[in-house]
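Here is a friendly walk through one protein model, written for someone who likes to check geometry by eye. Keep the viewer open as you read.

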Amino acid sequence: MQEYDVIVLGTGIKECVLSGLMSLSGKKVLHIDKNSYHGGESASISPLEELYRRFKVPGPPKSIRRGKEWNVDLVPKFFLATGQLVKILVHTEVTRYLDFKVVEGSYVFKAGKVHKVPATEEDAQSSDLMGMFDKRRFKKMLHFVLNFDTRNPRTHQDVDPEKTTTRELFSRFDLGQDVIEVTGHAIALHSSERSVKMRVSDPRCFRCPGQMPPCGFLLCSYLDQPCLETINRIRRYCESLSRHNSSPYLYPLYGLGELPQGYARLSAEYGGTFLLNKPVDEIVMDNGKVKAVKSDGKVFHCKQLICDPSYVPNRVRKMGRVVRVICLLNHPVKNTHEASSCQIIIPQAELNRKSDVYICVVSYSHSLASDGMYIATVSTTVETNNPEKEVEPALELLEPIMQKFVSVTNVLVPNEDGRKSQIFVSRSYDATNHFDSECEDIKDMYRRITGAELCFGKPRNLSHNSDDD
């Protein structure tokens, strides 16, 4: 009989990170994936021919050669240089097996044009997003945020970070609506006007009558919540930008598929086992609690189970949908200063939507495509019965497009927190092209699995190409 402390089903990024954390804490871990490849929903597809087969599209054409040079991420997301996920990767030491490279630009779409995100006083001064007076106000707000210290009331300037709302903070500096949208969505990275997840029992939650959801959470407008969260988000973006100047974002060479492979090597160092291409026949329960996993005629006993939603369809529910369009290009995106990689955010108000639209651009510079070729992925939360039409404004920014690959996927969340069954299920990936919500899910799952908060020290520098600083 084979016994493990933890069995992990699926090799998505969140499952691999949690597997690494469990291994580091001394637990005996078995990792099983029903697929023949790492990554699950967030896999990197190579060669290019496999991407065409996956989406049942004829091709690729002869003009796109050397298919083995392509690594196409199905769910591309950027890393903030000083973000939580980078700290977790450094904490688990998986960065020994990864090489990161700086993303060349960060942009926002406003008033029919792509603009560089102004996150420094110098950028604000040269930005055509703001008039002269707006520039002065924005720089004052930026100076306040960067000097804000929760432990030093003298830096607060009569702002109570736990009571003053973000709307009131922006009003103090008399920021115009356009500046607020750029700050909130392209710098603080709030994904919509209702993008702060609050537990209903949280005393900060200003719940509207009659809106108690079964999950116990509400999405509240970040503008009407205490401003500390937004202050921290702006600081994080600016501090990440100061690390590398061109943008605050990093991306791994050869794609996100390198993370699961890195964690497989890390797990082996700590005595863990990775099994790919193994079916999961049954999750064995005993009095409502997980007991074992049956796979390929073998029984593996465990005390806890971690998995993605695809392994336990009866334990999750649909919370929405995400549309993603992977586009192959033979040119850089217009108005991005010929950037070989960049992020573009289209704030929801620009398109009269409830949520933002995201464009992630990577290319040969990250060893993800053949020379001179680009991969641009458009994503957003589905709000209508015609998902493709919702992303048309973003696709127009990418024209001409050589080939498109469209997917619409359900966003699945667990029905319960797992404490009783000891089955801990991750959430599906959202539409954003950064890892904020994934980090929150990892930390929340870790808290429920171990009963402790995930703590780690300051990150060391990642391995990356110093020529791109």
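The report below covers aromatic pairs, one helix and its surroundings, enclosed and open spaces, and some backbone details. Please keep in mind that this is a predicted model.

**Aromatic rings and charges**

Let's begin with the rings. A pair of aromatic rings is described by the distance of the centres and the angle of the planes. Across the whole structure, a search turns up eleven aromatic pairs. One of them joins Tyr 237 and Tyr 249: the ring centres are 6.2 Å apart and the planes meet at 85°, which is over 60 degrees, so the pair is edge-to-face. Tyr 237 belongs to helix α8 (residues 228-244) while Tyr 249 belongs to strand β11 (residues 249-252), so this pair ties together parts that are twelve residues apart in sequence. Are these two tyrosines buried or exposed? Both Tyr 237 and Tyr 249 are buried. They are also members of a cluster, in which ring pairs link them with Phe 78 and Tyr 251.

Two lysines place their charge over a ring as well. The charged end of Lys 28 sits over the ring of Tyr 4, at 4.9 Å from the ring centre. For Lys 34 the partner is Tyr 311, with the charged end 4.4 Å from the centre of that ring.

**Helix α9 and what surrounds it**

Next, have a look at helix α9 (residues 258-269). With twelve residues at 1.5 Å a residue, the helix should span 16 Å, and its end C-alpha atoms are 17 Å apart, which agrees. Which residues of α9 are buried? They are Leu 259, Pro 260, Gly 262, Tyr 263, Ala 264, Leu 266 and Ser 267. These buried residues pack against α1 (13-24), β5 (79-80), α3, β11 and β12 (273-275).

Ser 267 makes a handy case to inspect in this helix. Its relative accessibility is 2%, which is under 20%, so Ser 267 counts as buried. Setting aside neighbours within four places in sequence, Ser 267 is in contact with Ser 23, Gly 272, Thr 273 and Phe 274. After α9 comes Gly 271, which has a positive phi near 85°.

Helix α3 (residues 84-91), one of the elements that α9 packs against, holds Ile 88. At 0% relative accessibility, Ile 88 counts as buried. The C-alpha atom of Ile 88 is separated by 9.8 Å from that of Gly 20, although the two residues are 68 residues apart along the chain.

**Cavities and a pocket**

How many cavities of 30 Å³ or more are there? The count comes to four. The largest cavity has a volume of about 90 Å³. Among the residues that line the largest cavity are Phe 78, Phe 79, Leu 80, Arg 236, His 434 and Cys 439. At least two lining residues come from each of β5, α3 and α12 (436-450), and α3 provides the largest share, with three residues.

There is open space to explore too. The second largest pocket holds about 550 Å³. Its lining is made of 31 residues, and those nearest its centre are Gly 40, Glu 41, Ser 42, Arg 54 and Thr 409. The elements that contribute two or more residues to this lining are α1, β16 (316-329) and β20 (403-414). Of these, β20 gives the most, with four residues.

**Backbone details**

Most residues other than glycine have a negative phi, and most peptide bonds are trans. The table collects the exceptions treated here.

| Residue | Backbone value | Place |
|---|---|---|
| Pro 60 | cis bond from Gly 59, omega near 10° | loop between α2 (48-54) and β4 (72-73) |
| Pro 400 | cis bond from Glu 399, omega near -5° | loop between α11 (392-398) and β20 |
| Ala 111 | positive phi of about 55° | loop between β7 (105-110) and β8 (113-116) |
| Tyr 254 | positive phi near 75° | loop between β11 and α9 |

How do the last two entries sit with respect to the surface? Ala 111 has a relative accessibility of 73%, so it counts as exposed. Tyr 254, at 45% relative accessibility, counts as partly exposed. The loop of Tyr 254 also brings the tour back to earlier stops, as it lies between β11 and α9.

Key
Residues are numbered from 1 along each chain as its sequence is written. This is a predicted model: local features need pLDDT of at least 70, side-chain atom pairs count only at pLDDT 80 or more; totals for chains, interfaces and linings use all residues. Side-chain values use heavy atoms; hydrogens and water are left out. Rings of Phe, Tyr and Trp (its six-membered ring) pair if their centres lie within 6.5 Å; planes under 30 degrees apart count as stacked, over 60 as edge-to-face and the rest as tilted. Buried means under 20% relative accessible area, exposed over 50%, partly exposed in between (1.4 Å probe, protein chains only). A charge sits over a ring if NZ of Lys or CZ of Arg is within 6 Å of the ring centre and within 35 degrees of the ring normal. The expected span of a helix is 1.5 Å times one less than its number of residues. Contact means heavy atoms within 4.5 Å. On a 1 Å grid over the protein atoms alone, a cavity is a set of points where a 1.4 Å probe fits but cannot get out, and a pocket is an open set with protein on both sides within 12 Å along at least five of seven lines; lining residues have an atom within 4 Å of a point. Grid points are joined across faces, edges and corners, and a volume is the space filled by probe spheres set on the points.
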